[in-house]
Amino acid sequence: MSKLTLDDIDVRGKRVLIRVDFNVPLDTSADGSPTVADDTRIRAALPTIRHVLDHGGKAILISHLGRPGGQPVPDLSLTCVADHLGSLLDERVRFSSNTVGDTVEEVVAAMGNGSVILLENTRFDPGEKANDEEFSRALAALADVYVNDAFGAAHRAHASTAGVAQFVDTAAMGRLMESEIAALTKVRDDPEHPMIAVLGGAKVSDKLGTFRALNDTADDLLVGGAMSYTFLKALGHEVGASRVEDDRLDAAESLYEEAGGHIHLPSDHVDAASPDADAEGSVVEGDIPEDLMGLDIGPATLAEYQDLISGAATIVWNGPMGVFEVEQFASGTMGIAEAVADATANGAFSVVGGGDSVSALNRSGHSDDISHVSTGGGAMLTFLEGAPLPGIDALTDA
Ligand code: ADP
Ligand code: MG
């Protein structure tokens, strides 16, 4: 069912409460104060914020950051994000150290049209994750209109993503939410074939539902990362000391059998005794010796995967092929990034998502060469699986 968008609402003179996803990685600067380490998610929210400001609305921004556990944690304050946003917008961005309550309501009431304020981390309040009615109503008290642009948090039924929508008259999607849904709907419901899914990362257990769904739609599934060792072990291979989920061997085996030859597993690996930067890595074909762990796909596997990707019309990629954070185990992931970029340049439609996958993509220098880089990890997987996203379902039907 389609939902209201910014095109359906008049924001002039209104208090527009915008749920953004400013859950960004932070660095500590030389003087000890936190700074934004990667502003991809902040930039992704700019079109919605700009729209509201340019149309004379008052932008009241809310987001969570990290896991403060329902109480104020100074290191997880959004203060530094307000500063960073101010420089991106080239506007003054006010900051409120309260998220809800009388003081914020007064400040918001006094805002001029076209001005913007960021409120403190919603997860400093235990009502956020509890999707508490009182906290949802307190958020709604700040809004004439609610806009959800936080695709990355849309799979969570929290107060700021879902609860608040029940207590406002109008709840619409932001621009980022719209573009995420458009791109992901296309690959989920109407992909051009051949369609290739590349799945990797830490755990198969995180991604079983998505795996099943992609098993139905994709022509080939290329598996890498730690999850491939759960598959390989399930199929009777020796995987040495590689990371394996022993409680998922049966699930992996049945997925593999259901796929009838469409799941590709690594045939060679970069192995080492540990994932440390100074560990000695070597390429091993087939079974992995007892004391070694598989930490990246090997060159033969990469060549096979690159070849399949080059013939694809649609590509979905989630999960790094190895421990890409360490240079000697990054080649597989970087090689996949390059292949997906090349295929996109040749007309394929490509979608890449997942927190670590997107940071690997950024590192490869190919983020601008992908059709759609999703800001959602869990949200993207949930969407592809066809499961409900409470943050979208809660919005007003168009
Ligand atoms: P995403 O965030 O993109 O969904 P995941 O969180 O599932 O990806 O997986 C990323 C993590 O998996 C990275 O930290 C990476 O180091 C780790 N990883 C990938 N391959 C391996 C491997 N062979 N052994 C151990 N860890 C791995
Ligand atoms: Mg991750």
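Student: What makes the pair between a polar side-chain atom of Ser357 and an oxygen atom of ligand 1 a polar contact?

Tutor: Happy to start there, and bear in mind that this model is predicted. The two atoms lie 2.5 Å apart. A polar contact is a pair of N or O atoms within 3.5 Å, so this pair counts as one.

Student: Why does the pair between Asn318 and ligand 1 count too?

Tutor: A polar side-chain atom of Asn318 lies 3.3 Å from an oxygen atom of the ligand. The cut-off is 3.5 Å, so this pair also qualifies. As for coverage, ligand 1 taken alone exposes 580 Å², and the protein buries 84% of that.

Student: Which element gives the most to the shell around ligand 1?

Tutor: That is α12, with 3 residues. The elements giving two or more residues are β14 (293–297) and α12 (355–364). By residue class, the shell divides into 6 nonpolar, 9 polar and 4 charged.

Student: Good, now the sheet. How do you know that β9 and β10 pair?

Tutor: Pairing needs at least two bridges, and 4 bridges join β9 (residues 195–199) to β10 (residues 220–223), so they pair. The two strands run parallel, and Val198 stands opposite Leu222 in β10.

Student: Why are β11 and β17 called edge strands?

Tutor: The open sheet has 6 strands in the order β11-β10-β9-β15-β16-β17. Both β11 (263–264) and β17 (372–373) pair on one side only.

Student: What packs on the sheet?

Tutor: Helix α13 (residues 378–385) does, touching β15 (314–318) and β16 (349–353). The direction of α13 makes about 135° with that of β15.

Technical notes
Residues numbered from 1 in each chain as written. Chains lettered and ligands numbered in written order. Predicted model: local features only at pLDDT ≥ 70, side-chain atom pairs only at ≥ 80, totals over all residues. Heavy atoms only, no water. Polar contact = N/O pair within 3.5 Å; in protein donor to acceptor, adjacent residues only side chain to side chain. Areas by Shrake-Rupley, 256 points an atom, 1.4 Å probe, with all protein chains shown as cover. Nonpolar A, V, L, I, M, F, W, Y, C, P; charged D, E, K, R; others polar. Contact = heavy atoms within 4.5 Å. Axes fitted to C-alpha atoms, helices over the stretch in contact; angles between N-to-C directions.
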